[in-house]
Amino acid sequence: LLALPVTAGGLSLFAERTEASANSAPAYWSGTGGSGVVAVYDGGQCPVEVKNETLTFRIPDLPLASTDGYESSVTAEYELYNPTDEDIRLTLFFPVGFRPDYYDAYQECGARIPGAEAYTVTQTYEGAVQNVEVSFRHTYYGSAEYQSSKFDVAGQLPSDEYVQDGFYRKELPVTRYTYTVSAPKEPGYYTFCLLYDYHPLKTRVIGESGTTDRGGRGIVYTVFSTKKFFHEDILPDSVSFTFYVVGDPIENPVVKLYKGMGIVSGTGESAEEVTDSSIQVYGEQSDSFEFEDFVESFRPKSQSEFGAVSKLDWYNAVVRMLSDGESGALFLSEDTELYDYLMLWCEYSLTIPAQKTLVNTVTVPLYPGVEGSAPNYTYSYLLSPAQYWADFEGITIRLVTDYYLANSSFPFTKEDGGYVYTKSSLPTGELTFTIRESETAGIPYNPYE
């Protein structure tokens, strides 16, 4: 149910994240929004009907207000009816998304916000309640998607098959090229380049920093610095660089070293080729293997609280990333945080008996965006996935909280213990609402002004 970081202006995927310690008061912390489940039915169009959906947002506390813990959650309860004469088995997904910005703040304080154990799914049939086993999946969600404020849940689902890309195939040969360069003594930024001729439909070159084209030739490059951190000079006598050629071998490779980043930065910065005879390139080494094995060799073996990334999900994520034209940073760089690139999903299965009703209940943690020093807490929830059910007859949304509802995309009514909204059909649009600690709390400034 938790997919999309929230911005002050509504839904926006992967808002710029504010770096801040637990003791600071940033203008904005991005949260993680919510989404209804999407059902996958092998028989084609899903025939299951939703007789009623009840969304309950329980908000007894607010993030960053205390380091004693955090308990806010949202529960989605679906009353599912199977009108057919056969039992129907469904595979259901909802995006867990990315950790909210303030996850690290809680970690720094020695506190903890809910983990995998807080994501629970149950089914109720003829009065009997059973826990439903869930598994966590991963997909790539990168810069191509960053450009849109519209998140297509159904179009981003994890796949149970290896992706078939126009270029990348499991059996393609991969050749590894390794170069070792004597390190320049003059401090500053340098760009090491491998220039080559190639056929773009037959060959792709992957490097940790990136690739480009110039003057009819391909360039794969790595930017490095002879300064480490702020004041410490690096001491090694040499620096090594590794590039990978997928498909046909490259032709006429030439190596060059530039002072600065101008050759690839696009900022107008000048980059002068280093011709110092004391800087030597120590030879090239190459090994060959298949693309599937190449990708698998970089799959992280460590596990997060949600488990390890599977071989299938990792392969599909890497292919999607490379197909989007990204560099190899996702899987080549040890400095890259995995969850900066991979969206987390929850998957489970239900069987709904013929002409019977089953109640599916999902409960997950709730992470709003936090804006301003007298904060607004902005929550979002995608209702549009409900359009994929055969029918949708009604919805009730409750906000169980003592806090003040400042605004909402739907007209809530105040009631004892919170607020309520009901409709006898699927509402148009998505749910967003903002709460404050009280009606008199200060209105925060817009951090983008």
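Me: What is the relative accessible area of Glu 171?
Reply: This is a predicted model, where local features need pLDDT of at least 70 and side-chain atom pairs count only at pLDDT 80 or more, while totals for chains, interfaces and linings use all residues. Residues are numbered from 1 along each chain as its sequence is written, and side-chain values use heavy atoms, with hydrogens and water left out. Buried means under 20% relative accessible area, exposed over 50% and partly exposed in between (1.4 Å probe, protein chains only). Glu 171 counts as partly exposed because its relative accessible area is 47%.

Me: With which residue does Glu 171 form a salt bridge?
Reply: A salt bridge puts a side-chain nitrogen of Lys or Arg within 4 Å of a carboxyl oxygen of Asp or Glu. The partner of Glu 171 is partly exposed, at 37% relative accessibility. With the closest N and O atoms 3.1 Å apart, the residue that forms this salt bridge with Glu 171 is Arg 169.

Me: How many residues apart are Glu 273 and Lys 256, a pair that links distant parts of the chain?
Reply: Glu 273 forms a salt bridge with Lys 256, and the closest N and O atoms of the two are 3.9 Å apart. Glu 273 lies in strand E21 (residues 272-273) and Lys 256 in strand E20 (residues 251-259), where strands (E, at least two residues) and helices (H or I, at least four) are DSSP runs numbered from the N terminus. Glu 273 is partly exposed at 35% relative accessibility, and Lys 256 is partly exposed as well, at 27%. Along the chain, the separation of this pair is 17 residues.

Me: How many salt bridges does a search of the whole structure find?
Reply: One of them joins the side chains of Glu 49 and Lys 51 at 3.3 Å, N to O; Glu 49 counts as buried at 17% relative accessibility, whereas Lys 51 counts as partly exposed at 27%. Salt bridges also link Arg 137, Asp 160, Asp 313 and Glu 347 in a network. Over the whole structure, the number of salt bridges found is 15.

Me: Which strands stand at the edges of the open sheet with the order E5-E8-E23-E11?
Reply: This open sheet has four strands, with antiparallel pairing, and two strands pair if DSSP finds at least two bridges between them. Within it, six bridges join E11 to strand E23 (residues 342-352), and Phe 136 has Cys 346 as its bridge partner in E23. Each edge strand has a single partner, so one side of each is left without a neighbour in the sheet; the two are strand E5 (38-40) and strand E11 (135-140).

Me: How many of the 13 residues of H5 are buried?
Reply: Helix H5 (residues 311-323) packs on the sheet just described, touching E11 and E23. The helix is mostly covered, and its buried residues include Asp 313, Trp 314, Tyr 315 and Leu 322. After H5 comes Gly 325, whose phi is positive, near 85°. Of the 13 residues of H5, the number that are buried is 10.

Me: Which residue in E19 stands opposite Ser 182?
Reply: A further open sheet of four strands has the order E14-E19-E12-E22, with antiparallel pairing. Strand E14 (203-206) and strand E22 (281-290) stand at its edges, so each, having a single partner strand, is left with one side lacking a neighbour in the sheet. Strand E12 (residues 173-182) and strand E19 (residues 238-247) run antiparallel and are joined by nine bridges. Opposite Ser 182, the residue in E19 is Ser 238.

Me: At what relative accessibility does Thr 56 count as buried?
Reply: Thr 56 is found in strand E6 (residues 49-58). Leaving aside residues up to four places away in sequence, Thr 56 touches Ser 73, Val 74, Thr 75, Arg 398 and Val 400, contact meaning heavy atoms within 4.5 Å. Thr 56 counts as buried because its relative accessibility is 12%.

Me: What percentage of the 449 residues of the protein chain count as buried?
Reply: The protein chain has six helices and 32 strands. Among its contacts with a separation of 6 or more, 78% are between residues 24 or more positions apart. Of the 449 residues of the protein chain, the share that counts as buried is 49%.

Terms used
Axes are lines fitted to C-alpha atoms, for helices over the stretch in contact, and angles run from 0 to 180 degrees between N-to-C directions.
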